[in-house]
Amino acid sequence: MKDTAIIFGWRDKKQEYKVEINREDFYAIFYGLARGYHKIGDNQISKKLLEIIPEVDKIFINMDYNRTQDVPFIEYAINKEVGILKIMRCHRIVWSILEDHCKK
């Protein structure tokens, strides 16, 4: 796991914001979520985030664009390689955690 903070950015109402997130704390949130819902079998998003978080440099959410999409997504960068992770709206807990970080 990298020992640097994650740059967490978002766009909302045409304004861009960014904060630094403690990597270990962010990982712990999704680790708890994946572990707590392991019997349900519908926590693939949390498991995917657990794969990404240890190495990710940046996460970006375009809330303006996502409002128009059937399946919203986050963008992330690992060592300058950009990827996306689609997260269906039914993953309300994951989205609420991500959106909570957009309020900081």
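**How the strands, helices and pocket are told apart**

In this predicted model, strands β1 (residues 6-12) and β3 (residues 58-62) run parallel and are joined by five bridges.

Q: Why do β1 and β3 count as paired strands?
A: Two strands pair if there are at least two bridges between them. β1 and β3 are joined by five bridges, so they meet that cut-off. Within this pairing, glycine 9 has phenylalanine 60 of β3 as its bridge partner.

Q: What makes β2 and β5 the edge strands?
A: The open sheet has five strands in the order β2-β1-β3-β4-β5, with mixed pairing. β2 (15-21) and β5 (81-86) each pair on one side only. From one strand to the next, the twist averages 20°.

Q: How is the packing of α1 and α2 described?
A: Two packed helices are described by the distance between their axes and the angle between them. Here the axes of α1 (residues 23-36) and α2 (residues 44-52) come within 9 Å and cross at roughly 145°, and the crossing is left-handed. Tyr27 and Phe30 are among the α1 residues making the contact, and Leu49 and Leu50 are among those of α2. By class, the contact has seven nonpolar, one polar and one charged residues.

Q: Which strands does α1 lie across?
A: α1 lies across β1, β2 and β3, at about 70° to β1.

Q: Why are three residues lining the second largest pocket called charged?
A: Asp, Glu, Lys and Arg count as charged. The lining includes Arg67, Arg89 and Glu99, so these are the three charged residues, beside four nonpolar and one polar. This pocket has a volume of about 160 Å³.

Notes. Residues are numbered from 1 along each chain as its sequence is written. This is a predicted model: local features need pLDDT of at least 70, side-chain atom pairs count only at pLDDT 80 or more; totals for chains, interfaces and linings use all residues. Side-chain values use heavy atoms; hydrogens and water are left out. On a 1 Å grid over the protein atoms alone, a cavity is a set of points where a 1.4 Å probe fits but cannot get out, and a pocket is an open set with protein on both sides within 12 Å along at least five of seven lines; lining residues have an atom within 4 Å of a point. Grid points are joined across faces, edges and corners, and a volume is the space filled by probe spheres set on the points. Axes are lines fitted to C-alpha atoms, for helices over the stretch in contact, and angles run from 0 to 180 degrees between N-to-C directions. Helices (H or I, at least four residues) and strands (E, at least two) are DSSP runs, numbered from the N terminus. A crossing is left-handed if the near helix is turned anticlockwise from the far one by less than a right angle, and right-handed if clockwise. Contact means heavy atoms within 4.5 Å.
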